[in-house]
Amino acid sequence: MKRRLVVGLLVIVCFILQCTVFKTLSLASISPNLLLIVTSSLGFLRGEREGMFIGFFSGFLIDIFFGRVFGFYALLYMFIGYGSGLFHMMFYDEDIKLPMFWVALSDLVYGLCVYFFLFLMRSKFDFGYYFTHIVMPELIYTVAVTILVYRMIWKFNAFLDRLEEETPAGMASITTDLGQTENKTEEL
Amino acid sequence: MKKKNNYFIPTKYIFAALAALCIVMMFASYTTGFAGETLGKMSGYVFVPFEMGINNIGGWIREKKDNLADLTVAQAKNEELQAQVDELIMENSRLMQSQYRLQEFEELYALDQGYEQFNKVAANIIATDSGNWFNTFVIDKGKNDGIEADMNVIAGSGLVGIVTKSGDNWAQVRSVIDDMSNVSAQVLSTSDLCFVKGDLQLMDQGLIRIEELKDPNDLAIQGEKIVTSHVSDKYHEGILIGYLNEVSLDSNNLTKSGTITPAVDFEHLHMVLVITDLKQTVEES
């Protein structure tokens with residue numbers, strides 16, 4: 001439970017940073033997508049279940065304040081968190097290259113989805129422009145920020161693991177990362 | 001450490017359930033206009049104080065950044081501008097004459113007086129859209145200050161946008177340069193109707209698209225004032241949107257389209273005024 005509160009708090013803090021400080025750091029009116037970094041890399045480090053919840057929560061916040069169609073960003077971020085989590089078992093490492101690649105891929109999926117559903121559907125066909133002016137710059141900037149914040153996220157993840165160990169067994173949340181892993185091993 | 005709960009639900013089912021929930025919400029919000037009112041109310045109290053605080057710090061940093069950038073630009077431009085000064089002094093005298101004429105026109109249309117008749121509430125921008133695709137922002141005033149959806153938002157000399165939803169102490173504003181914005185407008189001098197649509201592609205250049213301008217007599221020239229029109233059901237008449245940049249004839253040979261320069265500097269916008277009269281109520285009274 002404590003772990004969930006801490007994760008929730010992290011998402012809230014990131015959301016606030018995203019809409020205020022990060023906007024002032026924007027280069028050529030492009031700003032990095034911090035929430036996506038958090039969703040993607042925590043999903044990556046902690047598995048699809050947590051990635052899914054983190055993504056859902058992040059997207060939900062965006063929907064409340066900036067959404068046009070309620071639920072769109074929640075679905076998109078949840079999908080990204082879940083997708084990142086699917087590769088949780090494969091590379092669990094301090095190594096930064098794979099998470100970087102993964103964040104880049106997530107941001108690409110995010111950009112393409114936003115273009116497809118919110119722009120192409122309103123007959124804005126100039127894909128080349130949007131790709132080179134919005135999707136790619138955001139991707140590069142986001143990956144650059146990932147390099148800076150990934151170690152923090154990695155440490156945060158280690159902190160979450162410790163928090164979990166301290167949690168008494170009786171207070172066990174519905175699922176734990178270990179239960180998750182075990183379940184997955186069983187499936188395999 | 002081995003914890004296994006009996007009521008463990010496989011993640012994929014939760015995923016499917018949440019995805020279904022999202023899709024249902026999307027349909028609900030599309031058809032009924034549901035926008036998480038209560039959620040917005042609650043979260044407003046959590047986020048707005050933080051956003052206001054951080055925004056103040058952000059503003060300070062931005063100021064410093066702008067100052068540095070300004071200095072370099074200023075030095076580079078100094079020489080160039082010096083050469084222009086002489087030229088401009090000549091031109092100035094000629095323009096003064098036009099200026100008097102312009103003043104006459106402005107008095108005639110009483111544009112600035114028009115704003116006075118509305119009740120306005122000043123608000124700070126405390127958060128901007130998290131993504132890079134749209135141009136909406138959140139202000140620190142909401143229902144408690146009488147701000148409701150569809151109210152017009154202005155800043156200084158011109159139209160900023162419209163309130164799209166409001167919580168107790170916050171409101172979401174969609175600016176006119178947002179890609180989904182569409183404002184019914186008219187050319188001030190000729191009253192020819194047109195539409196002003198935000199466009200992400202033009203946003204970088206600081207322009208807005210103007211479409212379906214009916215201008216049979218070719219009267220719309222560069223610098224012409226574009227204001228909100230009398231036929232719009234949400235925007236008050238006569239609020240300055242921007243100045244005509246260039247127009248060209250559409251392929252249908254009937255209407256024109258082009259770009260306008262917005263009257264508001266959206267890049268450095270920190271404070272706005274919300275007109276708390278809705279257009280409908282003004283018409284009724």
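This report walks through chain A, its contact with chain B, and the nonpolar core of a predicted model.

## Chain A at a glance

Looking for strands in chain A? You'll find zero, because the DSSP runs that define the elements give this chain eight helices instead. Read from the N terminus, the order is simply α-α-α-α-α-α-α-α.

Chain A has 188 residues, and 46% of them are buried. Take the contacts in chain A between residues at least 6 apart in sequence: 69% of these join residues at least 24 apart.

## Where the chains meet

Each partner brings 44 residues to the contact: 44 from chain B and 44 from chain A. On the chain B side, the elements giving two or more residues are two helices, α1 (11–32) and α2 (37–109), along with two strands, β1 (120–128) and β2 (136–139).

As for chemistry, that side of chain B splits into 22 nonpolar residues, 15 polar ones and seven charged ones.

## The largest nonpolar core

The largest nonpolar core holds 102 residues, and the members touching the most others are B:Ile139, B:Val196, B:Ile226 and B:Ile241. Those four sit in chain B, yet the largest share of the core, eleven residues, comes from helix α4 (residues 48–66) of chain A.

B:Ile139 is worth a click in your viewer. Skip its neighbours within four places in sequence, and B:Ile139 is in contact with B:Ala123, B:Asn124, B:Ile125 and B:Ile126, with B:Trp170, B:Ala171 and B:Val173, and with B:Val272. B:Ile139 also falls within the range of β2 (136–139), one of the elements on the side of chain B that touches chain A.

How values were computed
Residues are numbered from 1 along each chain as its sequence is written. Chains are lettered from A and ligands numbered from 1 in the order in which they are written. This is a predicted model: local features need pLDDT of at least 70, side-chain atom pairs count only at pLDDT 80 or more; totals for chains, interfaces and linings use all residues. A nonpolar core is a set of buried Ala, Val, Leu, Ile, Met, Phe, Trp, Tyr and Cys residues joined through C-beta atoms within 7 Å. A residue is buried if 20 or more other C-beta atoms lie within 10 Å of its own, exposed if 12 or fewer, and partly exposed in between; C-beta atoms are placed from the backbone. Helices (H or I, at least four residues) and strands (E, at least two) are DSSP runs, numbered from the N terminus. Two residues are in contact if their C-beta atoms, placed from the backbone, lie within 7 Å. Ala, Val, Leu, Ile, Met, Phe, Trp, Tyr, Cys and Pro count as nonpolar, Asp, Glu, Lys and Arg as charged, and the others, Gly among them, as polar.
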